[in-house]
Amino acid sequence: MWTADEVELGFLRVTKQYLPHLARLCLISTFLEDGIRMWFQWNEQRDYIEATWNCGYFLATCFVLLNLIGQLGGCVLVLSRNFVQYACFGLFGIIALQTVAYSILWDLKFLMRNLALGGGLLLLLAESRSEGKSMFAGVPSMGESSPKQYMQLGGRVLLVLMFMTLLHFDSSFFSIVQNMVGTALIILVAIGFKTKLAALTLVVWLLAINVYFNAFWTIPAYKPMHDFLKYDFFQTTSVIGGLLLVVALGPGGVSMDEKKKEW
């Protein structure tokens, strides 16, 4: 009978070559989908922004154009591994812009999911930084954590916000078990204990929930629910990408897993 650690090591050994690539593709999927949607729903998006903010035709058009170019351009840069840090900063800006423009700031569920998406970008930004890169290059380390490690910590903490939106506060046995197991796993990821195994378990759990509850392909395209589920599906897929980065790269220096090596 295999132990949990043996399962984790076996999975990483088999997938180590392509897991980071799959993680990046999943992570940028919501930006890719939204950028394409801006192209095909150009008039609808422009009219919505113009009517909501009363900003005029020109500014509404600039908003849609910025979202289209910013998201598709950022995705191309991330996938090609060119100027990844600039792409991440640009995508951070897109998240902030959409949070304000679509009034997500006042919807706690969507705000937490946007923050979780930002956590995934933080992990991607951390991955793009070389280990030895520092503004104090050449200075001996004093045991302090690098900015990369703090990015990994922030990314892990923000990612778990996605799961807080999935908790169901009712008295059914299934919901109670799901909440207990889910809460335990997100705490493990946040503090960085058994991080890779906990993140991998969350990937499987979130993937199952995403396919079951956000099956937009079963809804006719002309119904509003189709676009809602499609948006939710790809945003969840991006959080899965962030968790896969945790599985591939580990929790970083600011974690219990790393501290255990010093004990």
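Mentor: A cavity is a set of points, on a 1 Å grid over the protein atoms alone, where a 1.4 Å probe fits but cannot get out. Its volume is the space filled by probe spheres set on those points, joined across faces, edges and corners. The largest cavity here has about 100 Å³. This model is predicted: local features need pLDDT of at least 70, side-chain atom pairs count only at pLDDT 80 or more, and totals for chains, interfaces and linings use all residues. Residues are numbered from 1 along each chain as its sequence is written, and side-chain values use heavy atoms, leaving out hydrogens and water.

Trainee: How many cavities of 30 Å³ or more does the search find?

Mentor: One, in the whole structure.

Trainee: What makes a residue part of the lining of the largest cavity, and which helices supply at least two?

Mentor: A lining residue has an atom within 4 Å of a point. Among those lining the largest cavity are Asp 34, Gln 71, Gln 98, Asn 114 and Tyr 231. Helix 2 (19-40), helix 5 (84-101), helix 6 (108-128) and helix 11 (224-249) each supply at least two. By class, the lining has five nonpolar, five polar and one charged residues. Asp, Glu, Lys and Arg count as charged; Ala, Val, Leu, Ile, Met, Phe, Trp, Tyr, Cys and Pro as nonpolar; the others, Gly among them, as polar.

Trainee: How do you know the span of helix 5 agrees with what is expected?

Mentor: The expected span is 1.5 Å times one less than the number of residues. Helix 5 has 18 residues and should span 26 Å; its end C-alpha atoms are 25 Å apart, so the values agree. Its buried residues include Cys 88, Leu 91, Ile 94 and Gln 98. Helix 2, helix 3 (42-53), helix 4 (56-80) and helix 6 are among the elements covering them. Just after helix 5, Ser 103 has a positive phi of about 60 degrees.

Trainee: Why is Arg 24 called buried?

Mentor: Buried means under 20% relative accessible area. Arg 24 has 3%, so Arg 24 is buried. This residue is in helix 2. Beyond four places in sequence, Arg 24 is in contact (heavy atoms within 4.5 Å) with Val 78, Arg 81, Leu 124 and Glu 127. Across the chain, 45% of the 263 residues are buried.

Trainee: What makes a stretch count as a helix or a strand, and how many of each are there?

Mentor: They are DSSP runs: H or I over at least four residues for a helix, E over at least two for a strand. The chain has 12 helices and zero strands.

Technical notes: 1 Å grid on protein atoms, 1.4 Å probe; cavity = no way out; pocket = protein on both sides within 12 Å on 5 of 7 lines; lining within 4 Å. Buried < 20%, exposed > 50% of the residue type's maximum accessible area, 1.4 Å probe, protein only.
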